[in-house]
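User: Hello! I'd like a close look at one buried-or-exposed question and its surroundings in this model, told as one connected story. Please explain your terms as you go.

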Amino acid sequence: MPYRHAPADCPSCGQRMEAHTLESHQDAPLTVDLCFPCHALWFDQTESLQLSAAATLELCRLIQARGEGDRRPLADRMACPRCTAPLRHVRDLTRSGQFFYYRCDGGHGRMTPFFQFLREKHFVRTLSRAEIERLRTFVRTVRCSSCGAPVDIEHDARCAHCGTAVAMLDPEALERAVQALGNARRPRPGTAPRPPALAVMSADARSPGVAAGLASGADLVDAGMAALGELFAALRR
């Protein structure tokens, strides 16, 4: 029987989500729905666990290419697009730190914000204390990658609004993901662009010009996603 995917409306804003067919670990393809204005994905059942390495990287590319700009705040109450039952806020733990999503208790699927998906797949990590101290020498505030609220890193390294710790895109994790594809055209190890936040916090960052690309109030993950766009461009060459 041919694969068929039922369209999904965003549980937050109610608009039809964009469906993207991707590779899975199995022979059959899977389709993931994305709402770019809300910066969120809908996974039917266990689709998030079925993503192949290529599919995960393709979702990262889509988030980088289409996820810019202001995000709509998520609704306080959201319903499953399959059964209309309320979605429940669930926290989970990965080696990269805590992440969350909104799950249908009927088993139909879950909605995951873009930032939480990147954390779940280990592309985002929490900054170390040493990195926070170095970052404070360049900027006073950053924008929370989870909710968008300003974070005064001079006083706290955690968002006062949602409690999310300041995080950044991990370029080494991205390089490992590319290498896992076995792509002969992948950039040589160590040649992937480095997010401005990582350059600022590296031990050899002494020049004021290094911090020029990281303005106060910037989202560190968004800054890293811009570098990710360069990595994808290199893969297409």
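Which backbone nitrogen does the side chain of Asp219 reach, and at what distance?

Analyst: Happy to help. This is a predicted model, in which local features need pLDDT of at least 70 and side-chain atom pairs count only at pLDDT 80 or more, while totals for chains, interfaces and linings use all residues. Residues are numbered from 1 along each chain as its sequence is written, and side-chain values use heavy atoms, with hydrogens and water left out.

The partner is Val221: the side chain of Asp219 comes to 2.9 Å from its backbone nitrogen. Asp219 also has a polar contact, side chain to side chain, with Ser145 at 2.6 Å (N or O atoms within 3.5 Å, one able to donate a hydrogen and the other to accept it; sequence neighbours count only if both atoms are side-chain atoms).

Where does Asp219 sit? Its place is the loop that links α6 (196-201) to α7; helices (H or I, at least four residues) and strands (E, at least two) are DSSP runs numbered from the N terminus. Asp219 counts as buried because its relative accessible area is 3% (buried is under 20%, exposed over 50%, partly exposed in between, with a 1.4 Å probe and protein chains only). Setting aside residues up to four places away in sequence, Asp219 touches Arg71, Arg143, Cys144 and Ser145, where contact means heavy atoms within 4.5 Å.

Those neighbours lead us to the open and closed spaces of the model. Arg71 and Ser145 are among the residues closest to the centre of the largest pocket, together with His39, Ser146 and Gly148, out of 33 lining residues. A pocket is an open set of 1 Å grid points with protein on both sides within 12 Å along at least five of seven lines; a cavity is a set where a 1.4 Å probe fits but cannot get out, and lining residues have an atom within 4 Å of a point. The volume of the largest pocket is about 780 Å³, counted as the space filled by probe spheres on points joined across faces, edges and corners. Its lining takes at least two residues from each of α2 (53-66), β4 (87-94), β5 (97-104), α3 (114-120) and α7 (220-236).

The model also holds 3 cavities of 30 Å³ or more. In the largest cavity there is about 70 Å³ of space. Arg143, Cys144 and Ser145, which touch Asp219, are among the residues that line this cavity, and so are Phe115, Ser146, Val151 and Leu220. Ser145 therefore belongs to several parts of this picture: Asp219, buried at 3%, makes its side-chain polar contact with Ser145, and Ser145 turns up again by the centre of the largest pocket and in the lining of the largest cavity.

Helix α7 carries the story into the interior. The largest nonpolar core has 27 residues, of which Val32, Leu41, Leu51, Leu59, Phe117, Leu118 and Phe123 touch the most other members; such a core is a set of buried Ala, Val, Leu, Ile, Met, Phe, Trp, Tyr and Cys residues joined through side-chain atoms within 4.5 Å. Two or more residues of this core come from each of β2 (30-35), β3 (40-44), α2, α3, β10 (167-169), α5 (171-180) and α7. Helix α2 gives the largest share, with 6 residues. Looking past its neighbours within four places in sequence, Leu59 is in contact with Leu22, Val32, Leu34, Leu41, Phe43, Leu51 and Phe117. Another core lies apart from this one and has 14 residues, including Met17, Cys38, Trp42 and Met111.

Leu51 also brings in a charged side chain. Beyond four places in sequence, Lys121 is in contact with Leu51, Ser48 and Thr56. Lys121 lies in the loop between α3 and β7 (124-126) and counts as buried, because its relative accessibility is 18%. A polar atom of the Lys121 side chain lies 2.8 Å from the backbone oxygen of Ser48. In the next position, His122 has a positive phi of about 70° although it is not a glycine.

For the wider setting, the chain contains 7 helices and 10 strands. Of its 237 residues, 47% count as buried, Asp219 being one of them. Among contacts with a separation of 6 or more, 60% join residues 24 or more positions apart.
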